[in-house]
Amino acid sequence: MNKFEDNITKLDEIVKKLEGGDAALDECVALFENGVKLTDECIKMLDDAEQKIKLLVENKDGGVSETDFVQTDA
């Protein structure tokens, strides 16, 4: 797994612990803080990936331009 998937797995574990209701308040706060940190890291990774997903498209005049990737259902 890469770091993104690892972070998602850790977030899932945090959510389960918080939903379980068995953790002490201090532990809940620490889990929540760690969850926010992991979420921020995931958002940054997604933003970075989005910037990399660009297509080079040939213009009518023969030039090349960069455009955003748009997924279509095949």
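1. Let's start with Lys3, which sits in helix α1 of this predicted model. Setting aside residues up to four places away in sequence, Lys3 touches Glu41 and Met45. The sequence separation here is worth a look: Lys3 and Cys42 are 39 residues apart along the chain, yet their C-alpha atoms are 8.7 Å apart in space. For Lys3 and Met45 the separation is 42 residues, with a C-alpha to C-alpha distance of 9.1 Å.

2. Met45 gives the view from the other helix, since this residue lies in α2. Apart from residues up to four places away in sequence, Met45 touches Lys3, Phe4 and Asn7. Is Met45 buried, exposed or partly exposed? Its relative accessibility is 24%, and Met45 therefore counts as partly exposed; the cut-off for buried is under 20%.

3. Asn7 is a good residue to display next, and it belongs to helix α1. With a relative accessibility of 2%, Asn7 counts as buried. Which residues does Asn7 touch, if those up to four places away in sequence are not counted? They are Leu38, Glu41, Cys42 and Met45.

4. Cys42 makes a natural companion to Asn7, as the two are in contact. Beyond its neighbours within four places in sequence, the contacts of Cys42 are Phe4, Asn7, Ile8 and Leu11.

5. Now for the two helices as a pair. Helix α1 covers residues 3–20 and helix α2 covers residues 25–52; their axes come within 9 Å and cross at roughly 150 degrees. Angles over 145 degrees count as roughly antiparallel, so α1 and α2 are roughly antiparallel to each other. As for handedness, α1 passes α2 in a left-handed crossing.

6. Here is who meets whom between the helices. On the α1 side the residues are Lys3, Phe4, Asn7, Ile8, Lys10, Leu11, Ile14, Lys17 and Leu18. On the α2 side they are Cys28, Leu31, Asn34, Gly35, Leu38, Thr39, Glu41, Cys42, Met45 and Leu46. Sorted by class, this contact has 11 nonpolar, 4 polar and 4 charged residues.

7. Which residues form the largest nonpolar core? There are 5 of them: Leu11, Ile14, Leu31, Leu38 and Cys42. Helices α1 and α2 are the elements that give two or more residues to this core, and the largest share, 3 residues, comes from α2. As background, nonpolar side chains in soluble globular proteins tend to be buried together.

8. Away from the helix pair, have a look at Asn59. Where is Asn59 placed? Its place is the loop between strand β1 (54–58) and strand β2 (64–68). Once neighbours within four places in sequence are left aside, Asn59 is in contact with Val64 and Ser65. Asn59 has a relative accessibility of 32%, so this loop residue counts as partly exposed.

9. Finally, the overall layout. The protein has 2 helices and 2 strands, which follow one another along the sequence in the pattern α-α-β-β. Of its 74 residues, 9% count as buried, with Asn7 counting as buried at 2% relative accessibility. Among contacts in the protein with a separation of 6 or more, 38% are between residues 24 or more positions apart.

Terms used: Residues are numbered from 1 along each chain as its sequence is written. This is a predicted model: local features need pLDDT of at least 70, side-chain atom pairs count only at pLDDT 80 or more; totals for chains, interfaces and linings use all residues. Side-chain values use heavy atoms; hydrogens and water are left out. Axes are lines fitted to C-alpha atoms, for helices over the stretch in contact, and angles run from 0 to 180 degrees between N-to-C directions. Helices (H or I, at least four residues) and strands (E, at least two) are DSSP runs, numbered from the N terminus. Angles under 35 degrees count as roughly parallel, over 145 as roughly antiparallel, 65 to 115 as roughly perpendicular and the rest as oblique. A crossing is left-handed if the near helix is turned anticlockwise from the far one by less than a right angle, and right-handed if clockwise. Contact means heavy atoms within 4.5 Å. Ala, Val, Leu, Ile, Met, Phe, Trp, Tyr, Cys and Pro count as nonpolar, Asp, Glu, Lys and Arg as charged, and the others, Gly among them, as polar. A nonpolar core is a set of buried Ala, Val, Leu, Ile, Met, Phe, Trp, Tyr and Cys residues joined through side-chain atoms within 4.5 Å. Buried means under 20% relative accessible area, exposed over 50%, partly exposed in between (1.4 Å probe, protein chains only).
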